[in-house]
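Biologist: Please take a close look at one pairing between two strands in this protein. Then set that part among its surroundings, in words a first-year student can follow.

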Amino acid sequence: MMTAESLPTTMRAAVCREDGHLVLEDLPVPQPQRDEVLVKVTACGVCHSDLHALDGHIAFPRPAVLGHEISGTVAALGPGAGRDGLAVGQPVVGAFLMPCGRCRYCVQGRDDLCEEFFARNRLGGQLFDGTSRLRTTDGETVAMYSMGGLAEYAVVPATAVAPVPEGMELAPAAVLGCAGLTAYGAVRRAADLHPGESVAVVAVGGVGSNVVQLARAFGASEVVAVDVDAEKLAAASRMGATVTVDSRDPDAREQVLAATGGRGVDVASRCSAARRPSSSRCSSSPPAAGWSRSAWAAPARTPRWRSTSWSAAACGSSPTTAPAPGPTCRRSSTSPTVACCATGTW
Ligand SMILES: NC(=O)c1ccc[n+]([C@@H]2O[C@H](COP(=O)([O-])OP(=O)(O)OC[C@H]3O[C@@H](n4cnc5c(N)ncnc54)[C@H](O)[C@@H]3O)[C@@H](O)[C@H]2O)c1
Ligand SMILES: [Zn+2]
Ligand SMILES: [Zn+2]
């Protein structure tokens with residue numbers, strides 16, 4: 001079992017100093033502070049939000065270590081971090097959203113809206129004390145996108161560390177830290193999917209493929225996977241999609257309607273990283289209103305409403321008036337179209 005004493009002094013990390021570039025650098029191994037856990041990283045997924053940050057589409061300080069979808073083993077515990085039974089050597093997953101546990105949203109149980117996390121980490125690359133745990137060997141501060149997971153070690157607040165159950169492979173479990181959580185929030189909370197409802201999942205990448213699996217797990221009758229990539233569609237089939245549609249097909253909308261007995265789907269989940277779905281046939285449909293909401297994002301930073309022909313067309317519904325915005329993404333009384341989405345906000 002590894003103890004803090006046996007830790008190396010430096011680690012390799014993928015550091016972003018300019019748009020589109022990652023360079024492997026040796027950084028001092030970060031030290032966990034009070035209520036923080038040092039994780040030896042086994043795997044780190046690359047979420048499309050990392051790519052948005054890497055390309056400069058999401059403003060984030062530089063230099064930075066991106067990566068927010070990690071699994072690994074506990075390498076060391078800061079003071080107080082063992083309170084919940086966490087122990088050195090334990091296999092864990094780190095959640096991308098690292099709640100402070102103290103702000104007014106956290107105490108209400110809405111840690112998905114944690115003010116400290118969004119203000120300090122997502123805007124400033126810091127933890128709750130206003131500093132980053134990462135620096136160069138010359139002492140230059142390095143920002144952390146969540147925990148800065150594209151490194152050999154990462155400091156994660158204990159509030160965002162979950163044990164991995166025995167028998168679960170550690171590397172693939174990393175995806176639970178963002179894509180899995182986001183999809184769960186979209187399906188269970190935002191869409192409030194009920195057994196027997198039909199679902200369209202527009203874009204079946206990291207988040208969308210998890211939405212497909214969770215929709216089936218929650219009893220969806222039909223799960224229509226829509227994408228432009230044949231390999232992603234084939235994978236979606238293996239994961240439980242009942243129908244696949246290439247959204248570039250001129251009759252994509254008709255295919256969705258055919259899959260749902262002409263009714264259109266009850267819930268649509270848009271999980272595309274595309275800012276504008278310009279490559280899709282759907283985007284040239286007549287304008288319609290859809291409802292887009294990131295399941296985990298703070299309202300202040302989230303475009304709750306988007307005018308998008310994409311969502312409506314993917315659902316197979318006719319253009320319609322958008323339902324009034326609400327705190328959850330539910331079936332509207334005026335339209336069978338509800339698009340619960342994880343657009344590139346974070
Ligand atoms: N909590 C959150 O709010 C949250 C969490 C994770 C990801 N995101 C965002 O969700 C989006 C998706 O992330 P991801 O990691 O799943 O991305 P990904 O790159 O894994 O998947 C994107 C998918 O979109 C498909 N695609 C691209 N253009 C398309 C088009 N025009 N029509 C249909 N499909 C298209 C691709 O083929 C791919 O399968 C990103 O914008 C990301 O920033 C948000
Ligand atoms: Zn992510
Ligand atoms: Zn908080």
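Modeller: The model is predicted. Serine 269, in strand 14, is the bridge partner of valine 201. That pair belongs to a longer contact, in which strand 11 (residues 199–202) and strand 14 are joined by four bridges and run in the parallel sense. In general, strands of a sheet pair through backbone hydrogen bonds, and the pairing may be parallel or antiparallel.

Strand 14 covers residues 267–270. Val267 and Ser269 point one way from this strand, while Ala268 and Arg270 point the other way. Which of these residues are buried? All of them are buried.

Both members of the bridge, valine 201 and serine 269, also appear in the surroundings of valine 211. Leaving aside residues up to four places away in sequence, valine 211 touches Val201 and Ser269, and also Ala183, Ala186, Val187 and Cys271.

Valine 201 leads on to the interior. The largest nonpolar core has 90 residues, and those that touch the most other members are Val39, Val65, Val199, Val201, Val211 and Val224. Helix 5 (residues 179–190) gives this core its largest share, six residues. Domain 1 (4–177) and domain 2 (180–341) each supply at least three residues to the core.

The protein has nine helices and 17 strands. Of its 346 residues, 50% count as buried. Among contacts with a separation of 6 or more, 69% are between residues 24 or more positions apart.

Other strands pair differently from the parallel pair described above. One open sheet has five strands in the order 9-3-5-6-10, with antiparallel pairing. Strand 9 (153–157) and strand 10 (161–163) are the edges and have a single partner strand each, so one side of each is left without a neighbour in the sheet. On average, neighbouring strands here are turned by 45° against each other, direction ignored. At one of these edges, strand 10 is joined to strand 6 (residues 91–94) by three bridges, and the two run antiparallel. There, alanine 162 in strand 10 stands opposite valine 93.

A second open sheet of five strands has the order 2-1-4-8-7, and its pairing is mixed. Its edges are strand 2 (21–28) and strand 7 (134–135); each has a single partner strand, so one side of each is left without a neighbour in the sheet. Two bridges join strand 7 and strand 8 in the antiparallel sense. Threonine 141 in strand 8 stands opposite arginine 135.

Strand 8 (141–144) also packs against the buried residues of helix 3. In helix 3 (residues 115–124), these are Glu116, Phe117, Phe118, Arg120, Asn121 and Arg122. Glycine 125 follows helix 3 and has a positive phi, near 70°.

Elsewhere in the second sheet, threonine 10 lies in strand 1 (residues 10–18). Threonine 10 is partly exposed because 13 other C-beta atoms lie within 10 Å, whereas a buried residue has 20 or more. Not counting residues up to four places away in sequence, threonine 10 touches Asp26, Leu27, Pro28, Val29 and Thr137. Threonine 10 and tyrosine 153 are 143 residues apart in sequence, but their C-alpha atoms are 9.4 Å apart in space.

Terms used: Residues numbered from 1 in each chain as written. Chains lettered and ligands numbered in written order. Predicted model: local features only at pLDDT ≥ 70, side-chain atom pairs only at ≥ 80, totals over all residues. Pairing = 2+ DSSP bridges. Axes fitted to C-alpha atoms, helices over the stretch in contact; angles between N-to-C directions. Buried ≥ 20, exposed ≤ 12 C-beta atoms within 10 Å, placed from the backbone. Contact = placed C-beta atoms within 7 Å. Core = buried A, V, L, I, M, F, W, Y, C linked by C-beta atoms within 7 Å. Domains from an automatic or database assignment.
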